[in-house]
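Student: I should like to take a close look at a single part of this structure, the sheet. Would you please describe it and then go on to the helices and the cysteines?

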Amino acid sequence: MTAWGGLINAFEEAQVRAGATEATGTSGQTYVKAILEEFGWAVVPNPEHDLGTDLWISPRDARRIDLGLMLGAQVKNGESWFSEAHVRDSRNGWWHRNDHAHFDYWTGHVVPHILVLRNPTLRQAYWVHVNRNAVERTGKNGKIFVPEDQVLDASALSALVDIAAAAKPAPRWAGSVWNGDSDLASADVLRRALLAPRLVAPHPNAGVRALQAPQAIALLAAGRFGEFDRYGLLEEDSTRTGWAWELFAALTTFVSSGAVDALRACTRSAPEPYEQVAATIALSAALAEHGAYDEALEIVRETLDSDRSTAVDHAWLQVHQARCLAELGEPAAAIELAVSVQAIPKVLPHDVTAAAIAGSGAALVFRASNLFKGDVATTITASDTETSWWNAQATSWGLNSVFKESFRRWTRNDNEIVIGNSKPTGRLRGVSLVEGFTALHDSWRHTTSLLAKWELMSTKLGVDDASGCLTDLRRAGDSKAVAAAVAHLIEAGPAIAVRQSAELIDLDRATHTEAGASLELLTQGADVLRTSTADAAARWAMRSPDELSIWKQRVRPSLIVERRQADLLKALLPVVSPDIRSLVRAYLVALPQLGDQRSANAWAKVIGAVPEGEWTTAQVDALLHRAGDHWELEHAIKAIGVQRNPTWRAANNDALRSGSIDALTWVGSISNVPREAVAPLVTGLAHSIRGRLATVRSGVYPLYAGFDPGRALVLLNTHFPDNPDWDPVIELLTEPLADNHLLDETIQTIEWNADRIGDSTRAQLLDALTTVLQRKPLSALLSRGGDPRPAATSAIDALAPAPTPLTQWLTVRDRQGRQKMIFNLARRADPDDTNTLVTLATDPDPRIRAAVAGALSYWITKDVSATTATETLLQLLADDGTLLARHVVSCWPDRPDQRVRPLAQILVSHPSAVVRAAANHVLDATQ
């Protein structure tokens with residue numbers, strides 16, 4: 001054999017006969033490497049592992065995006081490592097023993113380490129995190145327990161990520177407001193500018209003169225609009241080029257006008273993945289402010305499908321996707337996405353935006369859970385982040401600015417020097433922007449509501465601005481604020497703003513947040529809606545139970561939809577077209593059996609709101625043949641039967657003639673009572689009143705329901721004055737133990753019918769009502785329904801209106817007192833009071849002006865100072881609310897004459913459907 005041949009044989013022998021230990025070890029490493037690489041993790045062998053690092057492992061997320069983390073692994077392959085079985089804390093496993101040098105190396109390394117034991121026979125590997133708490137010292141050596149249930153497979157990935165992330169120190173953010181974060185990678189700076197703007201925008205006293213685009217975006221996101229001029233951001237600058245400046249301009253346009261087209265363009269032109277994510281998030285948040293969650297979802301999904309974003313940007317997109325899904329009726333999918341982002345802060349503890357995103361996800365899981373039954377503790381813990389604290393601080397600054405501005409306006413201190421040119425709500429707007437960018441939905445709702453309320457009450461707004469504020473309240477889901485704002489705008493104006501905002505509502509596409517507030521706006525604002533808007537809402541309210549069930553499954557409303565459905569239909573009836581009213585009547589006739597009291601009560605009100613003359617004979621017969629309904633609905637139907645069905649009306653009249661008080665319930669107007677029934681009814685009512693008085697004298701105070709006998713007797717006495725019986729009424733008023741529950745309706749009916757009461761009876765009633773004024777209130781235990789003395793005062797004023805000098809008006813500050821004085825003047829109908837009413841017509845309180853308008857309208861019908869009253873009313877009717885006009889028409893008689901025709905000609909085009917109907921009635925009757 002040649003020397004060369006011998007060398008070859010020696011080399012081949014060396015290859016074949018490599019050490020058995022090395023072969024065993026490398027096969028274990030290869031196995032572990034293959035397992036982790038199967039899940040997309042990066043695994044690199046360590047060629048220099050004398051002290052115990054076989055592999056360097058870089059965890060990745062499910063999309064194979066590197067998380068910037070690292071693990072070291074020591075792999076022990078062979079059955080001999082499983083020889084020392086042990087049970088510890090009810091867990092099976094094995095002890096692994098090694099010397100202190102190895103354990104110290106693993107536990108002291110800057111990179112966390114795991115130990116992997118691989119059983120080649122079972123082809124299974126088990127792992128344990130090697131840390132100081134897990135290692136037990138045993139003299140010169142140590143040992144660590146490797147649990148059998150910690151298998152190295154897919155179930156281990158999350159725990160291994162947590163171990164790798166725990167070694168990464170979280171930064172300290174103290175002092176972060178001053179210089180911003182100048183060391184950020186470009187892929188992170190835009191995200192922080194939108195989610196944590198204080199880290200990017202410079203402090204105003206930092207001496208920075210020129211801003212980079214991300215700093216300008218952060219300044220905008222912080223709501224520091226008043227500083228734009230300081231940095232020249234309000235001027236054209238040819239040096240501001242590049243995509244980031246385009247994004248700043250698009251965001252500025254959105255904040256100032258609400259337009260989103262420029263943001264759409266930015267999503268299409270973004271050159272880098274992280275820039276596309278930032279633009280997508282900004283557009284998604286902007287679309288959410290417009291209630292366009294379906295479009296926002298599509299935009300976010302497109303960017304997610306491109307699959308080019310980093311782990312934290314991917315999570316950011318996912319919480320926005322989850323927000324949209326929760327609003328569009330897919331809570332399960334939303335929860336799954338929101339849960340998936342919870343690990344991001346562990347992976348990236350150095351990134352404050354990761355915690356913000358996870359916090360938003362936790363809050364979303366809570367609100368998307370059934371009836372908000374999410375884990376409160378987890379939600380609060382996850383939401384307690386640096387960004388939430390910074391938002392709270394910014395909110396505090398914003399509210400402080402609003403308070404200072406409110407005080408300045410109250411003091412009318414227009415000469416105060418105000419630094420900067422931003423609105424006092426700038427900081428709050430910044431908070432709402434950041435909350436939108438973070439997809440922190442409930443917080444965004446709260447801040448958006450605050451901003452809208454401030455704008456509504458801060459100044460006298462035009463129609464467009466008031467409509468915009470009302471829409472913001474609705475999209476924020478603040479139903480109570482919507483109801484209050486609608487009432488105020490309808491009362492004081494501009495009422496057209498309610499109509500304009502309502503025209504943006506599509507109940508078929510309502511989201512979870514806005515559904516209740518949308519129903520509230522349509523119901524409370526029904527009187528000023530266009531007929532087309534009212535018709536569309538009424539069609540929705542006449543949905544079948546199956547259709548409504550589908551709607552509820554999608555919207556998940558936090559309200560009793562069937563009750564709101566009935567309330568809405570009742571409110572819309574005076575406004576809808578004749579064709580829709582016809583459909584409503586047919587819908588009511590076809591209602592399923594309603595045995596539930598709550599549903600019966602709601603639909604009874606709708607039936608009662610239909611004008612009696614519109615029911616057809618067939619519809620009345622169909623209603624009267626219903627069976628199994630709750631008594632409240634039966635009563636509403638019976639009232640229609642008495643009015644429209646001769647047989648039912650005859651039977652009710654017979655009951656009236658027999659003295660049945662219950663029969664008065666169905667009679668409608670008291671004038672419908674047959675004259676021959678008056679005497680037995682008066683006798684029956686007197687007996688009922690005295691029976692109630694005997695009961696309270698015995699110390700029993702029952703709650704009575706149904707027709708009040710005192711009120712009924714006053715009505716009969718005033719409308720059929722031939723044979724009245726006032727003695728029971730006098731006894732009721734002078735009984736010391738009679739509480740407001742027994743007195744209230746009787747006293748009010750005396751006030752409303754004072755002009756029908758003769759002089760001798762008037763004197764008796766005045767004496768009796770005076771005893772009510774002199775009576776000490778009953779104890780809280782006995783008194784129910786309040787204090788009867790204010791009502792008694794009003795009734796006395798009605799019975800004996802006294803002159804009220806103009807100087808006395810100046811001393812009456814409260815609204816109720818001034819209204820009572822106006823009613824007093826109206827009843828007196830004295831032309832000498834004309835100047836007083838004209839003066840009060842300039843009162844800044846819309847309710848006082850409305851009371852004056854009602855008084856003047858009443859005077860016109862009585863031909864009292866009609867010319868002056870008409871001229872004054874024509875000026876008052878320029879008011880852009882509806883309360884004043886409604887007071888005017890409420891005083892017109894059922895049989896109008898020419899005296900109110902000039903007013904009717906103006907009011908025929910009024911925004912209020914009720915006012916228009918009254919005006920048309922006058923014009924038709926006076927042609």
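**The sheet and its surroundings**

Tutor: In this predicted model, strands β2 (residues 55–58) and β3 (residues 71–77) are paired over three bridges, and the sense of the pairing is antiparallel. Within this pair, Trp-56 has Gly-72 of β3 standing opposite. Both strands belong to an open sheet of five, ordered β1-β2-β3-β6-β7, in which the pairing is mixed. The edges are taken by β1 (42–45) and β7 (124–130); each has a single partner strand, so one side of each remains without a neighbour in the sheet. From one strand to the next, the twist averages 30°. A helix also packs on this sheet: α4 (residues 157–166) touches β3, β6 (113–119) and β7, and its direction makes about 30° with that of β7.

We may now turn to a helix whose sides can be told apart. Helix α12 spans residues 331–340, and its buried residues are Pro-331, Ala-334, Leu-337 and Ala-338. These four lie on the same side of α12, because they cover an arc of only 125° around the axis. A general rule helps in reading such a pattern: an α-helix has 3.6 residues a turn, so residues three or four places apart point the same way. On the other side of α12, Ala-332 and Glu-336 are exposed. The packing partners of the buried residues of α12 are two helices, α11 (311–327) and α14 (352–368).

Helix α38 offers a further example. It runs over residues 815–828, has 14 residues, and reaches 20 Å from its first C-alpha to its last, which is close to the 20 Å expected at 1.5 Å a residue. The buried residues of α38 are Gly-817, Arg-818, Gln-819, Lys-820, Met-821, Ile-822, Asn-824, Leu-825 and Ala-826. Charged residues thus appear in this list, among them Arg-818 and Lys-820. Just after α38 comes Ala-829, which takes a positive phi of about 50°.

Finally, let us consider the cysteines. A disulfide is a covalent bond between the sulfur atoms of two cysteines. With a pair of cysteine sulfur atoms required to lie within 2.5 Å, the count in this model comes to zero disulfides. Two cysteines may be described by their accessibility. Cys-266 counts as buried because its relative accessibility is 3%, and the cut-off for buried is under 20%. Cys-891, at 24% relative accessibility, counts as partly exposed.

Technical notes: Residues numbered from 1 in each chain as written. Predicted model: local features only at pLDDT ≥ 70, side-chain atom pairs only at ≥ 80, totals over all residues. Heavy atoms only, no water. Buried < 20%, exposed > 50% of the residue type's maximum accessible area, 1.4 Å probe, protein only. Arc of directions from axis to C-beta. Contact = heavy atoms within 4.5 Å. Expected span 1.5 Å × (residues − 1). Pairing = 2+ DSSP bridges. Axes fitted to C-alpha atoms, helices over the stretch in contact; angles between N-to-C directions.
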